[in-house]
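Grab your viewer and work through these exercises on side-chain pairing and core packing. Each task comes with a solution that goes step by step.

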Amino acid sequence: MRRDFQEPARCRPDLLIGREELFADAREQLASGGSVLVHGPAGIGKSTFLRALAEEYGATAHTVLRCSATESESHLPFLALADLLGLVLDEIAPHLPSAQLTALESALTGRGESSLQRDGLALRLAVLSALRALAARGPVLLVADDLQWLDPASAELLGFAARRLEGTPVQLLCAVRTEGPESQEYDRHLRACPPDTAAVRLGPL
Ligand SMILES: Nc1ncnc2c1ncn2[C@@H]1O[C@H](COP(=O)(O)OP(=O)(O)OP(=O)(O)O)[C@@H](O)[C@H]1O
Ligand SMILES: [Mg+2]
């Protein structure tokens, strides 16, 4: 059975105006097993594009995990990770070695004193194990909007996992706000994505 956690307001791909070519490219990239990073200036239509793509491609995934960062909450460590994995924690728990599970639980619940310094390796490996455990049941699509506001701890953990997931059916579909057309800011985010990620720049319609 397909599971889509925190399914947002629907956005039908056929209602997306003026993005047909980029949408087709991004769809092809996902269909070939790669990941997609959408970027562009404020208000250009990134979230709309992301939602439409997630709506269409997510239908083929077994598990869809989502997070959408906000500026006012970006100081909260592990928040994005909690959004992504909080609802599947019970399911993945039996597949994690106990040191990893303890580290992940304290990070996600905010109860323990988890930190990247103290639990660094256990936490990184826990996120990797969690995604691998989910992927063993079927393709996973991880949808993350507004990466520029992702809390740094979650960004670090996701980047660690993303670089090690080659050959595993876990795909990322992300969006990040970048400024001028010359901007290479998205490079930093691209480096935190799986190696086979295509960047899609949205310009004015
Ligand atoms: N292709 C499109 N056709 C028609 N309307 C669109 C399209 N893309 C975006 N819009 C509309 O433009 C507005 C801004 O879009 P959206 O929120 O997706 O931008 P964004 O790039 O995610 O903005 P932000 O940088 O603030 O996150 C929304 O009202 C959306 O409905
Ligand atoms: Mg947006």
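**Exercise 1.** Classify E56 as buried, partly exposed or exposed, then do the same for its salt-bridge partner R27.

*Solution.* Start with the cut-offs: buried is under 20% relative accessible area, exposed is over 50%, and partly exposed is in between (1.4 Å probe, protein chains only). E56 has 28% relative accessibility, so call it partly exposed. R27 comes out at 35%, so that one is partly exposed too. Next, the pairing: a salt bridge needs a side-chain nitrogen of Lys or Arg within 4 Å of a carboxyl oxygen of Asp or Glu. For R27 and E56, the closest N and O atoms are 2.6 Å apart. Last step, place them: R27 sits in helix α1 (residues 20–31) and E56 in helix α2 (residues 46–58), 29 residues apart. Helices here are DSSP runs (H or I, at least four residues), strands likewise (E, at least two), numbered from the N terminus.

A word on ground rules: this is a predicted model, where local features need pLDDT of at least 70, side-chain atom pairs count only at pLDDT 80 or more, and totals for chains, interfaces and linings use all residues. Residues are numbered from 1 along each chain as its sequence is written, chains are lettered from A and ligands numbered from 1 in the order written, and side-chain values use heavy atoms, leaving out hydrogens and water.

**Exercise 2.** How many salt bridges does a search of the whole structure find? Track down the ones made by R137 and R124.

*Solution.* The search turns up three. R137 pairs with E91 at 2.9 Å, N to O. E91 is in helix α4 (residues 89–92) and R137 in the loop between α6 (120–135) and β4 (140–145), so the bridge ties together parts 46 residues apart in sequence. R137 is partly exposed, at 43%.

R124 meets E156 at 3.1 Å, N to O. E156 belongs to helix α7 (residues 152–162) and R124 to helix α6, so parts 32 residues apart in sequence are tied together. E156 is partly exposed at 31%, while R124, at 19%, counts as buried.

**Exercise 3.** Which element gives the largest share of the largest nonpolar core?

*Solution.* Define the core: buried Ala, Val, Leu, Ile, Met, Phe, Trp, Tyr and Cys residues joined through side-chain atoms within 4.5 Å. The largest has 45 residues, with L131 and V127 among those with the most contacts inside it. Helix α6 supplies the largest share, nine residues. Now check L131: its contacts (heavy atoms within 4.5 Å) include L65, L142 and V170. A second, separate core has 21 residues, including F23 and Y57.

Definitions and conventions
Lists of a residue's contacts leave out its neighbours within four places in sequence.
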